[in-house]
Amino acid sequence: MVVTGGSSGIGLAAAAAFARGGDEVVLLGRDPGRLRHAVEVVREAGGRTPAAYRADFAVLDEVRSAGAALAATHERVDVLVNNAGQLAPARRLTADGFDPCAQINHFGGFLLAHLLLDRLRAAAPARIVTTGSAAEAWGTLDVRRPGRRQLSRWTAYGASKQANLLFTIEAARRWGPYGIVPTCFFPGLIRSRFGRQSPLFSLGKLVFRSPEQGADTLLWLADDPAAAVPGGYFAWRRPFGATGRSVDPARARQLWEASLTAVYGEEGERSPRGEP
């Protein structure tokens, strides 16, 4: 079970639950201190020390390094949890030249999924579970230029959540024949480090759900036969509605092509091994 954003919040809650159930857990996180703490939490939960890789998804080369190391040491990946996410400041591009929300919340997971595609195929039936949000409703996503600079961190975040859903739709079309089931879920509003720089968000955490409650649907999607719905979007273990533009197959295909260009480059490898 590979969990990105696994050093805190619902990622860590899910990782600990996987470990308690006897699964082998692999953690990816940005902060070394929090990652070390997460390793201890997961070890205590399952009695086995998880593998852990530090990677800042705001730097694509770090995602590449972590993905290569993970693929070199694990023959199969049964479940990839694309959970890394951030409400990043607007108007400050990443070192790769992209809006930080687009890169951290979408490009990083998109790239990692490609780097682990052979390992997912080896584990088929395998699953990709992506953390989405109802914020997709207010996103301003340009599917031809998904990494463009955004003026507001909230619209940028919404755009990245549209991208998560569209990735799920297109991954199901492309990778479903390989026995890979991509799904997406909305965990609700969670008490975690997320959005800690927003005063309103911080105040709202007084009534938000716990990370363990937020991880419940994630755990269900990772394992339950009833949840094996390629391209499905869920909340509270039930199908969840999304705006039409976030589930439009044509937009999903356009975003996929633009994302390949973003992470591999115009002159780079446009069709990674194993992708039709």
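Where does Gly 85 lie in relation to S4 and helix H4? In this predicted model, Gly 85 is placed in the loop that runs between strand S4 and helix H4, the latter spanning residues 100–115. With a relative accessibility of 40%, Gly 85 falls into the partly exposed class, because that class covers values between the 20% limit for buried residues and the 50% limit for exposed ones. Gly 85 is separated from Ala 102 by 17 residues in sequence, while the C-alpha to C-alpha distance between Gly 85 and Ala 102 is 9.5 Å.

Going back from this loop into strand S4, which comprises residues 79–82, one finds Val 79 and Val 81 pointing one way, whereas Leu 80 and Asn 82 point the other way. In a regular strand the side chains alternate between the two faces of the sheet. The residues on both sides of S4, namely Val 79 and Val 81 on the one hand and Leu 80 and Asn 82 on the other, are all buried.

Strand S4 has pairing partners that can be followed through Val 81. Strand S1, made up of residues 2–4, runs parallel to S4 and is joined to S4 by 2 bridges, and within this pairing Val 3 stands opposite Val 81. Strand S5 also pairs with S4 in the parallel sense, here over 4 bridges, and the bridge partner of Val 81 in S5 is Val 129. Val 81 is thus a residue to look at from two directions, with Val 3 opposite Val 81 and Val 129 as the partner of Val 81 in S5.

The approach to strand S5 deserves a careful look at the backbone. Pro 125 sits in the loop between helix H5, residues 117–122, and strand S5, residues 126–131. The peptide bond that leads from Ala 124 into Pro 125 is cis, and its omega is near 5 degrees.

Another stretch of backbone to examine is the loop between strand S7, residues 232–235, and strand S8, residues 238–239, where Trp 236 is found. Although Trp 236 is not a glycine, its phi is positive, at about 50 degrees. Arg 237 is found in the loop between S7 and S8 as well, and Arg 237, likewise a residue other than glycine, has a positive phi near 60 degrees. As for solvent accessibility, Trp 236 counts as partly exposed because its relative accessibility is 39%, and Arg 237 counts as partly exposed at a relative accessibility of 39%.

Methods
Residues numbered from 1 in each chain as written. Predicted model: local features only at pLDDT ≥ 70, side-chain atom pairs only at ≥ 80, totals over all residues. Heavy atoms only, no water. Buried < 20%, exposed > 50% of the residue type's maximum accessible area, 1.4 Å probe, protein only. Pairing = 2+ DSSP bridges.
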